[in-house]
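I opened a fresh notebook page for this one and wrote down what I looked up, in the order I looked it up. Feel free to follow along in your own viewer.

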Amino acid sequence: MAHCRYYFQEEYESSRRGTYQCDEYPFASTLQGAAADRINYSVRAVYASHNDLHGRALKAFYGHYRLLYYDPNNTPTKTSDSPFWVKIAN
């Protein structure tokens with residue numbers, strides 16, 4: 001993200017390429033996250049290794065608790081590309 005390079009320019013310049021990644025809050029995977037909202041979220045340059053570990057932990061949490069992707073235009077009878085989608089049959 002360009003915002004991270006702008007606001008955390010010193011971290012990016014003083015490190016090797018790939019050391020830092022931009023992370024956002026709320027998470028992009030949430031309804032209020034950066035993927036859906038182009039204005040109201042926070043960014044921070046974080047170590048790429050930490051960002052990767054957090055992403056894996058979040059994915060494991062979603063999978064363990066079977067959290068489903070919510071799409072208001074998708075009805076429960078339609079399928080979803082989300083790895084957390086669970087089709088429930090009667």
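Here are my entries, from the overall fold to single residues.

**Entry 1: the outline.** I reminded myself at the start that this is a predicted model. I then went through the secondary structure and found three helices and two strands. Read from the N terminus, the order is α-α-β-β-α.

**Entry 2: burial and surface.** I asked what share of the 90 residues counts as buried. The result was 23%. For the surface, I noted about 7,600 Å² exposed by the protein, with 53% of that coming from carbon and sulfur atoms. I also checked sequence separation in the contacts: taking those between residues at least 6 apart, 40% join residues at least 24 apart.

**Entry 3: the core.** Which residues make up the largest nonpolar core? I listed nine: C4, F8, Y12, Y20, C22, A34, Y41, V43 and A45. Both strands take part, since β1 (20-25) and β2 (42-47) each supply at least two residues of this core. I added a general reminder in the margin: nonpolar side chains in soluble globular proteins tend to be buried together.

**Entry 4: nonpolar side chains outside.** Next I looked for a nonpolar patch on the surface and found one formed by F61, Y65 and L67. Together they have about 300 Å² of accessible area. F61 belongs to helix α3, which spans residues 48-64. Its relative accessibility is 42%, so F61 counts as partly exposed, because that class sits between the 20% and 50% cut-offs.

**Entry 5: the salt bridge.** How many salt bridges does a search of the whole structure find? I got one. The partners are R56 and D52, and their closest N and O atoms are 3.0 Å apart. I placed both in helix α3, four residues apart, which means about one helical turn separates them. Then I compared their classes: R56 has 58% relative accessibility and therefore counts as exposed, while D52, at 37%, counts as partly exposed.

**Entry 6: a peptide bond to flag.** Is the bond from Y25 to P26 cis or trans? I found it cis, with omega near 0°. As general background, most peptide bonds are trans, so I marked this one for a second look in the viewer. P26 sits in the loop between β1 and β2.

Methods: Residues are numbered from 1 along each chain as its sequence is written. This is a predicted model: local features need pLDDT of at least 70, side-chain atom pairs count only at pLDDT 80 or more; totals for chains, interfaces and linings use all residues. Side-chain values use heavy atoms; hydrogens and water are left out. A nonpolar core is a set of buried Ala, Val, Leu, Ile, Met, Phe, Trp, Tyr and Cys residues joined through side-chain atoms within 4.5 Å. Buried means under 20% relative accessible area, exposed over 50%, partly exposed in between (1.4 Å probe, protein chains only). Patches are made of residues with over 30% relative accessible area and no salt bridge: like charges are joined within 9 Å, nonpolar side chains (Val, Leu, Ile, Met, Phe, Trp, Tyr) within 5 Å. Accessible areas come from the Shrake-Rupley method with a 1.4 Å probe; for residues, only the protein chains shown count as cover. A salt bridge is a side-chain nitrogen of Lys or Arg within 4 Å of a carboxyl oxygen of Asp or Glu. Contact means heavy atoms within 4.5 Å.
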